[in-house]
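Reader: I would like to go through this chain step by step, beginning with its cysteines and then turning to its fold, its core and its surface. Could you reason from the structure itself?

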Amino acid sequence: MRKQKPTDITELGPQEATNQEKATKYLKASALLIGDVELLYMGITPLVKFPGGDLDSPDHLALFVNLACNQLMIGRMLFTKSVIAALRMYQGDALTHLRRAIETCAFAFRMSKHRDLCKVWCEAGLDDNKYSAYRKAFRTEDVFPKNGHADFHPLLSVLKDSFDLASKQLHGSVFGMANHFQSVPKGKNAPNTQTVNFFDMPPESFPSTYFMILTTHLTILDLYGQMFQPHLTEFSLWKKEYDDIKERVARHVTTWAPIIMAWNRARNKKP
């Protein structure tokens, strides 16, 4: 039997760079939208007017605003990691970061409605009992409430759809594994040799995945904007920038729509 060779990790970095360069060139002007969305994240915190009191104030308002700022910056970081993973043709990783960003925003929104939960969230790492209390306080049905729930918000329903789609790639199901094997060239595998492809993003899925990341983060930012509005000194300025960038992204989505639809039709015709 032919001796197996371990993965040469020094080859992965250059291949990632090559993928990222090709994907960026493929997107052309649409690649600039990444910076636009990130600037929306960066534009909120300088406008925040922190409430009086300290983190232990009974109304938990100061604690919430501080936590929300941290959640917002985590969202910015996850946005960047998600687009980098997509450009490098890691679909599962890109959607995993997207899922985390959605959940982070949804947790912040729940704490905005129930500020007493801020302390529950903060204390989750103290011991097992505190962690159990945290898990109970942030159940899926409460974090993503359905219509009729006291905390229902239509944007959360939009985010839940993307959350569920991304979750399929995260869990150990066929959705999370198939692309790693489908993209292996025919004839490369032998009876005693199995090859897995690290880069699980099918080329035909790249445009739709890329714009899913952008539009989902715009929804996330819309929700953060609503949470922060009472605490921003110049909310109208940020909202105008948000509306301009959202319209810009929509124009690019319209331009790419025929290409994405053609890719989808071709993919669905595959046996």
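Author: A disulfide is counted where a pair of cysteine sulfur atoms lies within 2.5 Å. Please keep in mind throughout that this is a predicted model.

Reader: How far is the sulfur of Cys118 from the closest cysteine sulfur, and which residue holds that sulfur?

Author: A bond would require the two sulfur atoms to lie within 2.5 Å. The separation is too far for a bond, because the sulfur of Cys118 and the closest cysteine sulfur are 6.8 Å apart, the latter belonging to Cys122.

Reader: How many disulfides does the count come to by this rule?

Author: Cys122 takes part in no disulfide, its nearest cysteine sulfur being that of Cys118 at 6.8 Å. By the rule applied here, the number of disulfides in the count is zero.

Reader: Is Cys118 buried or exposed?

Author: Buried means under 20% relative accessible area. Since the relative accessible area of Cys118 is 0%, this residue is buried.

Reader: And how does Cys122 count, given its relative accessible area?

Author: The class between buried, under 20%, and exposed, over 50%, is called partly exposed. Cys122 has a relative accessible area of 41%, and therefore counts as partly exposed.

Reader: What does the secondary structure of the chain come to?

Author: Read along the sequence, the pattern is α-α-α-α-α-α-α-α-α-α-α. The secondary structure accordingly comes to zero strands and 11 helices.

Reader: Which helix gives the most to the largest nonpolar core?

Author: The largest nonpolar core has 75 residues, and those with the most contacts inside it are Ile44, Phe206, Tyr224 and Phe228. With 14 residues, the element that gives the most to this core is helix 3 (residues 61-87).

Reader: Which residues does Phe206 touch, leaving aside those up to four places away in sequence?

Author: Phe206 is one of the residues with the most contacts inside the largest nonpolar core. Not counting residues up to four places away in sequence, Phe206 touches Ala23, Tyr26, Leu27, Ala86, Leu87, Met89 and Met201.

Reader: How does Tyr26 count at its relative accessibility, and which residues form a nonpolar surface patch with it?

Author: Tyr26 lies in helix 1 (residues 9-27). At 34% relative accessibility, which falls between the limits of 20% and 50%, Tyr26 counts as partly exposed. The nonpolar patch on the surface, with about 250 Å² of accessible area together, joins Tyr26 with Ile259 and Trp263.

Note on methods:
Residues numbered from 1 in each chain as written. Predicted model: local features only at pLDDT ≥ 70, side-chain atom pairs only at ≥ 80, totals over all residues. Heavy atoms only, no water. Patch = residues over 30% accessible without salt bridge, like charges linked within 9 Å, V, L, I, M, F, W, Y side chains within 5 Å. Areas by Shrake-Rupley, 256 points an atom, 1.4 Å probe, with all protein chains shown as cover. Salt bridge = Lys/Arg side-chain N within 4 Å of Asp/Glu carboxyl O. Helix = DSSP H or I, 4+ residues; strand = E, 2+ residues; numbered from the N terminus. Buried < 20%, exposed > 50% of the residue type's maximum accessible area, 1.4 Å probe, protein only. Core = buried A, V, L, I, M, F, W, Y, C linked by side-chain atoms within 4.5 Å. Contact = heavy atoms within 4.5 Å.
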